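Me: I have a structure to go through with you. I will ask how each label is earned.

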Amino acid sequence: MSRTTNRPARSAFASTLCAALCMALCAVAAASCSAAPRDRADLVIGTVCSVRILDGGDRRALDAAFERLRGIEASMSANAEGTVVAAINAGAGAVPVPAPADVRYVIRKALSYAELSGGAFDPTIGPVVKLWNIGMDGERIPAPEEIAEALPLVDASAVAVDDAASTVFLPRAGMMLDLGAIAKGYAADEVARVLLEHRVKAAVVDLGGNVKVVGRKPDGSPWRIGIQDPFDDRGSRIGIAELEGGATVVTSGVYERYFIGDDGAHYHHILDPATGYPARNGLVSVTVISSSSIDADGLSTTLFSLGLERGMALVETLDHVEAVFIDEDRRVYQSSGAGKLFKLDNPAFTLTALPSR
Ligand code: FAD
Ligand code: MG
């Protein structure tokens, strides 16, 4: 199976880290790009995570931020042994498993997006994710029978989160949680919280393209964050979002993790829980701009999975959330308030209105 994919975990780490750090830091267009002692990047939660402090705090703030990231990885990864999520999955069909408050919080959020999306987002997609293994060793096109066998295990409504007992229970053997679509957003919120606790006044957190800005820029100007061009290398942009402190920009796209199958088709990692195959709806990316990164992460995947029309209809019902959808023909669709925050400046893309119905 031939492959082309964007995955820091398996590439030459040093060069990826260097390139990603430079791009992450350059994402703040108005800031200088020289590496200062208060910049740090590391490979955590399966991606390059970078933090740049522009004002306040010190090295201890960076230490605490990366410690929190590693703590989240150690409890919420579905890809490693010994995590809380792995224990919940191992207990499926057998026992409720103790889970700390942060893990239950993220699972509850994920379940709320499953409900909001009518199942287009589903954190119990784990058995199907494992079949495809996209972005991991052994990625492949599963046999239709394997998908048919895994799909009945995908059922967010069956997950039991018990706050009184501090447990999570998956009632059927073989069920598996995968928080990959939402835990990175939680991690960005947590890093921002930790930085503020350490008296950081201005910083940019970039967890593999999941960006959150903290505080006010020293010169008082708005934060400027580039939105990724899904057709070009990481770091190229389609436009700029101008944001207040606390804002977050999160993108879900077909280019993040994918492989080219023997059949020549492109298989990406956002799976349709109804079919068990990558969601194919003409979209290549969805970016969400909001103030909560866990919500923006949950929503970016949700809106992608719902597709342009249903996704746009959903985002228009939500306060303080804007979205930018890009389709295969380089058409850009934005929610009604997005124009105030985002300016398209790449001439290869066309701002397009959704046909009124
Ligand atoms: P998003 O759109 O936010 O999420 C897509 C991901 O969500 C998919 O990769 C899949 O995991 C899941 N998903 C797919 N379809 C759906 C759906 N319909 N509903 C809900 N979820 C869906 N990667 C590694 O290679 N190695 C690691 O060790 C590793 N550890 C990680 C640990 C943690 C705690 C987290 C949060 C992520 C980790 N990852 C790791 C990365 C992870 O596997 C995903 O690739 C990543 O989170 C995808 O993020 P995204 O923003 O690109 O895409
Ligand atoms: Mg997401």
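Me: What spacing do the donors of the magnesium ion (ligand 2) follow along the chain?
Reply: The pattern is A-x115-D-x3-T. Keep in mind that this is a predicted model.

Me: What makes Ala-181, Asp-297 and Thr-301 donors of the magnesium ion (ligand 2)?
Reply: The cut-off for this metal is 2.8 Å. The protein donors lie 2.1 to 2.4 Å from the ion, so they qualify. They are Ala-181 (O), Asp-297 (O), Asp-297 (OD) and Thr-301 (OG1).

Me: Why can the pair Ala-181 and Asp-297 be said to tie together parts apart in sequence?
Reply: Ala-181 sits in the loop between β5 and α7 (183–197), while Asp-297 belongs to helix α8 (residues 293–306). The pair therefore links parts that are 116 residues apart in sequence.

Me: Why is Asp-297 called buried?
Reply: Buried means under 20% relative accessible area. Asp-297 has 5%, so it counts as buried.

Me: Why is Ala-181 called partly exposed?
Reply: That class runs between the buried limit of 20% and the exposed limit of 50%. Ala-181 has 21%, so it counts as partly exposed.

Me: How do you know that β3 and β5 pair?
Reply: Pairing needs at least two bridges. β3 and β5 (residues 167–169) have two, in the antiparallel sense, so they pair. In β5, Thr-167 is the bridge partner of Pro-98.

Me: What makes β3 and β4 edge strands?
Reply: The open sheet has the order β3-β5-β4. β3 (97–98) and β4 (160–162) each have a single partner strand, so one side of each lacks a neighbour in the sheet.

Conventions
Residues are numbered from 1 along each chain as its sequence is written. Chains are lettered from A and ligands numbered from 1 in the order in which they are written. This is a predicted model: local features need pLDDT of at least 70, side-chain atom pairs count only at pLDDT 80 or more; totals for chains, interfaces and linings use all residues. Side-chain values use heavy atoms; hydrogens and water are left out. Helices (H or I, at least four residues) and strands (E, at least two) are DSSP runs, numbered from the N terminus. Donors are N, O and S atoms within 2.8 Å of the metal (3.2 Å for Na, K and Ca); water is not among the atoms, so sites may look incomplete. Buried means under 20% relative accessible area, exposed over 50%, partly exposed in between (1.4 Å probe, protein chains only).
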